[in-house]
Amino acid sequence: MKRLYYLIFLLILIGSSGTFGQKIVPSERPNLTQQKMVERGYGMFIHFGINTFGETEWSDGSIPVEKYNPTKLDCDQWVRVAHDAGFRYVLLTTKHHEGFCLWDSKYTEYDVASSPVKTDVVAEVSKACKKYGLKFAVYYSLWDRNAPSYKDEDPEKYVDYMCNQLTELFTNYGPICELWFDGGWDRKPEDWNMPRVYDLVKKLQPHCAIGVNHTIVYKENERKSALPDSMITDNKYFFQYFPSDFRLWDPKIAHKGDKKQYLHDGKSYYVPFEHTICISKNWSWFGKKDPIPTRSLDELEELFYWCTDNQNTLVMNIPPDQTGRIREHEANTIIDLGRRLGLKPNKPLPTNGTFISMHAPARATSVYGKDVEKYGARMAVDGGMQTRWASADTLATLTIELDESKPFNKISIFEYQDEDYSQDGFSCYRSNRIQEYNIAIFHQNEWRTIYLDNESMGDCKVIRFPQSYRASKIRLEITKALAPPSIKEFNVIQY
């Protein structure tokens, strides 16, 4: 009788929660897979492959395998850097859009086994993750510009190919905590047969979280992806790729008020968001021959706080170079960031403090094109990284009302910057507009300057005060700019 009760309980558990709570089902709460994903929270993204040696971000599957030739390949170094930097997991690009595989796949010759350096990179990274106590995750491009079956009129022929390769990955390399799909835009969503692929992976490894880039759309059965800044209302937007355990839109930043409920066939599902950010200042995913400066520690710290907040996660891309090693200056930066944040294994990720300026009343001396709805002052405190206040003049002032009973000791400013893109269409070069400015508070019926700077604002300006202030208003006065200034977010924080 006890055995019968146990079997009934087991059937109820499986029926209500998928494979022991691992498959996504209609719910207003995260399942076990999603909980574990959010607990990990912070991973290192590794883009490495034949594109590294082709000096490109995307290629079409025609770069000869002989070009892949790392002279000092050291996968252990990659994961050691991840461990020292406080990452919880490593996400490896096993196959990008060109179809080149970092493991010896018996379904293609476009892989490391056919190259001058035959090391099974997937195996080495998986082994190193076990050694350093990190979880292992894989990126796999749906789009494949080399596989002959991809061109077959019957899309299931290529789905067969994908399932064969995914079976290799999920049976030969130990536990995999996350599967990151990309490239779905090249075909209709139904051509990927995501239910079949999802079920296969869950059968092989039930605890693996699965996501597809550009997960959510504004309208059901349409292809216009919803910006993460738009995702601030529950049960308003729809899955483009279902089933998926988490949302993606690389490399957009989610809204501070990001919501978690999304619709499919009239049912609501809880789905967290995973952010992707490059450590490089120019947003380069694959390593290039010439070194690229890293983002500033201040910017990386503020982005870390933003992206790991609100039950969301972050992967930071740190690509090995053509020798097959992570460059020292990038390793130093990310390790410094981990130390600054005080990251410790099995400890909660640090948070940024209390935002006291979010959604506060704001006004500006001018608005670009007088378009208040698009560029008004409130956009600087709305919690969105894709919206911004934009001035019509080079000399401008932004004033924000505050609750004088709430103290603050930190300000972070994300300035909108002009971007010039390189020929690859991905790498961009950012330049500041704001050159000189001051910040003042209104307290006891007078304005008091608490910060003054005659240098460029920088990628992300962070001001930490040795004391806490209280004020009814705070004012950013821009006294010199190369073009009409614009602010994505002006955050007043008690840290």
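**Exercise 1. Burial and overall form**

Determine what percentage of the residues of the chain count as buried, and decide whether the radius of gyration agrees with that of a compact globule or departs from it.

*Solution.* Step 1. In this predicted model, 58% of the 495 residues of the chain count as buried.

Step 2. A compact globule with 495 residues would have a radius of gyration near 23 Å. The chain has 24 Å, and therefore the value agrees with the rule.

Step 3. Along the principal axes, the C-alpha atoms fill a box of roughly 75 × 60 × 45 Å. The chain exposes about 21100 Å², of which carbon and sulfur atoms supply 50%.

Step 4. Among contacts with a separation of 6 or more, 75% are made by residues 24 or more positions apart. The secondary structure comprises 10 helices and 24 strands.

**Exercise 2. The nonpolar cores**

State how many residues the largest nonpolar core has, and which residues have the most contacts inside it.

*Solution.* Step 1. The largest nonpolar core has 98 residues, and Met316 and Ile334 have the most contacts inside it.

Step 2. Helix 6 (residues 155–172) supplies the largest share of this core, namely 8 residues.

Step 3. A second core, separate from the other, has 34 residues, including Phe408, Ile450, Phe465 and Ala481.

Step 4. Consider the surroundings of Met316. Apart from neighbours within four places in sequence, the contacts of Met316 include Tyr42, Met44, Phe45, Phe87, Ile277, Leu300, Ile334 and Leu337.

**Exercise 3. Helix 4 and its cover**

Identify which residues of helix 4 are buried, and which elements cover them.

*Solution.* Step 1. Helix 4 spans residues 75–85, and its buried residues are Cys75, Gln77, Trp78, Val79, Val81, Ala82 and Ala85.

Step 2. A general rule helps in reading such a list: an α-helix has 3.6 residues a turn, so residues three or four places apart point the same way.

Step 3. The cover over these buried residues includes strand 1 (42–46), strand 2 (89–95), helix 5 (121–132) and helix 9 (328–341).

Step 4. Just after helix 4 comes Gly86, with a positive phi of about 90°.

**Exercise 4. Cysteines**

Establish how many disulfides the structure contains, and examine Cys75 and Cys177.

*Solution.* Step 1. A disulfide requires two cysteine sulfur atoms within 2.5 Å. The search of the whole structure finds 0 disulfides.

Step 2. For Cys75, the nearest cysteine sulfur belongs to Cys129 and is 10 Å away. Cys75 has 5% relative accessibility and so counts as buried.

Step 3. For Cys177, the nearest cysteine sulfur is that of Cys208, at 7.0 Å. Cys177 also counts as buried, because its relative accessibility is 8%.

**Exercise 5. A histidine in a loop**

Locate His97, and decide whether it is buried or exposed.

*Solution.* Step 1. His97 belongs to the loop between strand 2 and helix 5.

Step 2. The cut-off for buried is under 20% relative accessible area. His97 has 0% and is therefore buried.

Step 3. Beyond its neighbours within four places in sequence, His97 is in contact with several residues, among them Trp58, Tyr139, Asp144, Arg145, Asp182 and Trp185.

Step 4. His97 and Tyr140 are 43 residues apart in sequence, while their C-alpha atoms are 8.6 Å apart in space.

**Exercise 6. Strand pairing**

Find the sense in which strand 23 pairs with strand 16 and with strand 20, and describe the hairpin of strands 9 and 10.

*Solution.* Step 1. Strand 16 (residues 396–401) pairs with strand 23 (residues 473–481) in the antiparallel sense over 6 bridges. Ala396 stands opposite Ile478.

Step 2. Strand 20 (residues 434–443) also runs antiparallel to strand 23, and 8 bridges join them. Glu436 has Lys480 as its bridge partner.

Step 3. Strand 9 (residues 261–264) and strand 10 (residues 267–270) are antiparallel and joined by 4 bridges. Their hairpin has 2 residues between the strands, and Asp265 in the turn takes a positive phi of about 50°.

**Exercise 7. Backbone geometry in loops**

State which proline follows Phe242 through a cis peptide bond, and compare the exposure of Asn235 and Asn445.

*Solution.* Step 1. The peptide bond from Phe242 to Pro243 is cis, with omega near 0°. Pro243 lies in the loop between strand 7 (238–239) and strand 8 (246–248).

Step 2. Asp250 and Pro251 are likewise joined by a cis peptide bond.

Step 3. Asn235 has a positive phi near 55°, and Asn445 one near 65°. Asn235 is partly exposed at 36% relative accessible area, whereas Asn445 counts as exposed at 71%.

Conventions
Residues are numbered from 1 along each chain as its sequence is written. This is a predicted model: local features need pLDDT of at least 70, side-chain atom pairs count only at pLDDT 80 or more; totals for chains, interfaces and linings use all residues. Side-chain values use heavy atoms; hydrogens and water are left out. A nonpolar core is a set of buried Ala, Val, Leu, Ile, Met, Phe, Trp, Tyr and Cys residues joined through side-chain atoms within 4.5 Å. Buried means under 20% relative accessible area, exposed over 50%, partly exposed in between (1.4 Å probe, protein chains only). Contact means heavy atoms within 4.5 Å. The radius of gyration is taken over C-alpha atoms; the globule rule is 2.2 Å times the number of residues to the power 0.38. Accessible areas come from the Shrake-Rupley method with a 1.4 Å probe; for residues, only the protein chains shown count as cover. Two strands pair if DSSP finds at least two bridges between them.
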